[in-house]
Amino acid sequence: MNNNWHCELCNHQRKNLREGSICNLTKRKPDFNRTCSKKLFSTKFKNRLREVNVVYQHTIQDKWWNYSYTILFGLLGVGLLGLSVYSLSYVSEMHSSLAPSNAHALKLYLIPFIIFGVALKVLSQAIGMYNMYILKTREAKLKKDRVDAVLELYNITYDLEIDLHPNYRSPQDAKVNLEVHKPR
C-alpha cells in the first residue's frame, strides 16, 4: 500500500510541486511502515470519503443506461451496415442493367459508402460510450477500494446513505448521510 493513500485522507498533508505529498508536521515525505501515528482524519477525510462513494454509486446507477445506449447504438450501426451492403448490391444490379458509360449510375455508388461511413460513426459512438463507462467504473472502484483499505488499517468503519439528485452533475449534488465509527 502506498503511504500517500493515507495522506490523501489526512488533514496534515501538504502538497509541494517539487517533492509531492509532504506531512505538514514532519515537513518530510511520509515514511511510516503500516500506519501513521500522527494522522488526523477529520474534514478532509470525510469529504474524500463522501466524494469517492458518491462517484462510485453514480457509476453503478449509470450501468443500465450505458448498457442500453451501447446496445441501441450497436444495433443501429449493424443495421446501417446491413443497409449499406444491401444498397451496394442494389446499385451494382442497377448499374449492370444500365449502359456502362452512364455517369449517373457511377454516382449512385456513393450512397452505399455514405451509409457505411454513418454506420461506422454510430458503431464507434456505441463502443466509445461503453469503453468510457468501463474506465470510469474501474477508476471509481479503485479510488473507493484505496480509501477502504486505508480505513481498514485504522479499524474505521462507516455507514453511508446516498441520495443522488436526478440531475446529478458532481458529488456536491448528492445528499449524503455519513456516520463514521472510529475504534475506541
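Is K143 buried, exposed or partly exposed? In this predicted model, local features need pLDDT of at least 70 and side-chain atom pairs count only at pLDDT 80 or more, while totals for chains, interfaces and linings use all residues. Residues are numbered from 1 along each chain as its sequence is written, and side-chain values use heavy atoms, with hydrogens and water left out. K143 turns out to be partly exposed, at 32% relative accessibility; this class lies between buried, under 20% relative accessible area, and exposed, over 50% (1.4 Å probe, protein chains only).

K143 also leads into the charged pairs. Side chains of opposite charge can pair when their charged atoms come close. A search of the whole structure gives 5 salt bridges, each defined as a side-chain nitrogen of Lys or Arg within 4 Å of a carboxyl oxygen of Asp or Glu. In one of them, K143 is paired with E139, and the closest N and O atoms are 3.3 Å apart. The two residues lie 4 residues apart in helix α5 (residues 110-153), so about one helical turn separates E139 from K143. Helices here are DSSP runs (H or I, at least four residues), as are strands (E, at least two), and both are numbered from the N terminus. E139 is itself partly exposed, with 43% relative accessibility.

Helix α5 holds another pair with this spacing: K141 and D145 are 4 residues apart, about one helical turn. Their side chains form a salt bridge with an N to O distance of 3.0 Å. K141 is partly exposed at 35% relative accessibility, and D145 is partly exposed too, with a relative accessible area of 36%.

A further salt bridge joins the side chains of R48 and E8 at 3.6 Å, N to O. This pair links distant parts of the chain, 40 residues apart: R48 belongs to helix α2 (residues 43-61), and E8 to the loop between α1 (3-7) and β1 (13-16). E8 is partly exposed, at 29% relative accessibility.

Helix α2 is also home to N53, which is buried at 7% relative accessibility. Its side chain makes a polar contact of 3.4 Å with the side chain of K144; such a contact is a pair of N or O atoms within 3.5 Å, where within protein one must be able to donate a hydrogen and the other to accept it, and residues adjacent in sequence count only if both atoms are side-chain atoms. The side chains of N53 and Y158 are likewise joined by a polar contact of 3.4 Å. Leaving aside residues up to four places away in sequence, N53 touches K144, Y158, L160 and I162, where contact means heavy atoms within 4.5 Å.
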